[in-house]
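Please look through the sequence and the model first. The paragraphs below then go through helix packing, single residues and aromatic rings.

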Amino acid sequence: MLSYEVRNCMIKYALLLLSMTLAITGQFFFKSGLSESSLSPQFQSIVRTVFTPKVFMGFALYGISSIVWLFVLQKLPLSVAYPALALTYVIVVFASVLVLHEPLTVNKVVGSFIIVMGVILMFR
């Protein structure tokens with residue numbers, strides 16, 4: 001059986017990962033919903049777009065992510081939790097290549113590598 005400390009540590013990082021996953025998934029719902037929308041700066045267009053099912057789901061996932069984030073902040077120092085969110089940029093780059101068939105450029109790979117190295121340095 002896992003000790004209290006190990007369990008508590010696992011819960012902290014599981015909540016962080018859940019918050020990140022929900023936010024990333026929300027972004028993909030936004031992108032998918034916008035591809036089916038004709039968003040313009042007009043108020044009616046914005047309201048219509050926000051209430052399309054996929055965009056609305058994106059907002060819902062972001063909202064849930066924010067609630068989970070509150071629990072993350074309760075358990076982890078902000079100086080640890082917030083820099084870890086930088087990893088969402090890296091995940092989105094590679095997930096966009098796989099899911100949306102966006103191009104993977106050298107700049108994206110190098111930038112992602114720098115972000116990961118920065119997060120590793122912050123966690124030391």
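A residue counts as buried when its relative accessible area is under 20%, as exposed when that area is over 50%, and as partly exposed in between. The model shown here is predicted. With the cut-off in hand, Trp69 can be placed: its relative accessibility is 14%, so Trp69 is buried.

Trp69 also takes part in a ring pair. Its partner is Tyr82, with 6.5 Å between the ring centres and 65° between the planes, so the pair is edge-to-face. The two residues are 13 apart in the chain and link distant parts of it: Trp69 belongs to helix H3 (residues 53–75), and Tyr82 to helix H4 (residues 78–84). Is Tyr82 buried or exposed? Tyr82 has a relative accessibility of 54%, so it counts as exposed. This edge-to-face pair therefore joins a buried ring residue, Trp69, to an exposed one, Tyr82.

How many aromatic pairs are there in the model? The count is 4. One of them is formed by Phe51 and Phe56, which are stacked, with 5.7 Å from centre to centre and 25° between the planes. Phe51 has a relative accessible area of 57% and is therefore exposed. Phe56, at 44%, is partly exposed. Elsewhere, ring pairs connect Phe30, Phe59 and Tyr62 into a cluster.

The next topic is how helices pack. Helix H1 covers residues 4–35 and helix H5 covers residues 87–99. Their axes are 11 Å apart and meet at an angle of about 45°, so H1 and H5 are oblique to each other. The crossing of H1 past H5 is right-handed. Which residues make this contact? On the H1 side they are Met20, Ile24 and Phe28, and on the H5 side Leu87, Thr88, Ile91, Val92, Ala95, Ser96 and Val99. Sorted by class, the contact of H1 with H5 holds 8 nonpolar and 2 polar residues, and no charged residues.

Two residues of this contact can be followed in detail. Thr88 is in helix H5. Its relative accessibility is 14%, so Thr88 is buried. Apart from neighbours within four places in sequence, Thr88 is in contact with Met20 and Ile24. Both of these are among the H1 residues that form the contact with H5.

Phe28 is in helix H1. With a relative accessible area of 17%, Phe28 is buried too. Once residues up to four places away in sequence are set aside, Phe28 touches Val92, Ala95, Ser96, Val99 and Leu100. The chain also brings Phe28 and Lys54 to a C-alpha to C-alpha distance of 9.0 Å, although 26 residues separate them in sequence.

H1 packs with H3 as well. Here the axes are 8 Å apart and the angle is about 160°. An angle over 145 degrees counts as roughly antiparallel, and H1 and H3 are therefore roughly antiparallel to each other. Their crossing is left-handed. The contact of H1 with H3 is made up of 19 nonpolar, 9 polar and 3 charged residues.

To put the two packings side by side: H1 and H5 are oblique with a right-handed crossing, while H1 and H3 are roughly antiparallel with a left-handed crossing.

Terms used: Residues are numbered from 1 along each chain as its sequence is written. This is a predicted model: local features need pLDDT of at least 70, side-chain atom pairs count only at pLDDT 80 or more; totals for chains, interfaces and linings use all residues. Side-chain values use heavy atoms; hydrogens and water are left out. Rings of Phe, Tyr and Trp (its six-membered ring) pair if their centres lie within 6.5 Å; planes under 30 degrees apart count as stacked, over 60 as edge-to-face and the rest as tilted. Buried means under 20% relative accessible area, exposed over 50%, partly exposed in between (1.4 Å probe, protein chains only). Helices (H or I, at least four residues) and strands (E, at least two) are DSSP runs, numbered from the N terminus. Axes are lines fitted to C-alpha atoms, for helices over the stretch in contact, and angles run from 0 to 180 degrees between N-to-C directions. Angles under 35 degrees count as roughly parallel, over 145 as roughly antiparallel, 65 to 115 as roughly perpendicular and the rest as oblique. A crossing is left-handed if the near helix is turned anticlockwise from the far one by less than a right angle, and right-handed if clockwise. Contact means heavy atoms within 4.5 Å. Ala, Val, Leu, Ile, Met, Phe, Trp, Tyr, Cys and Pro count as nonpolar, Asp, Glu, Lys and Arg as charged, and the others, Gly among them, as polar.
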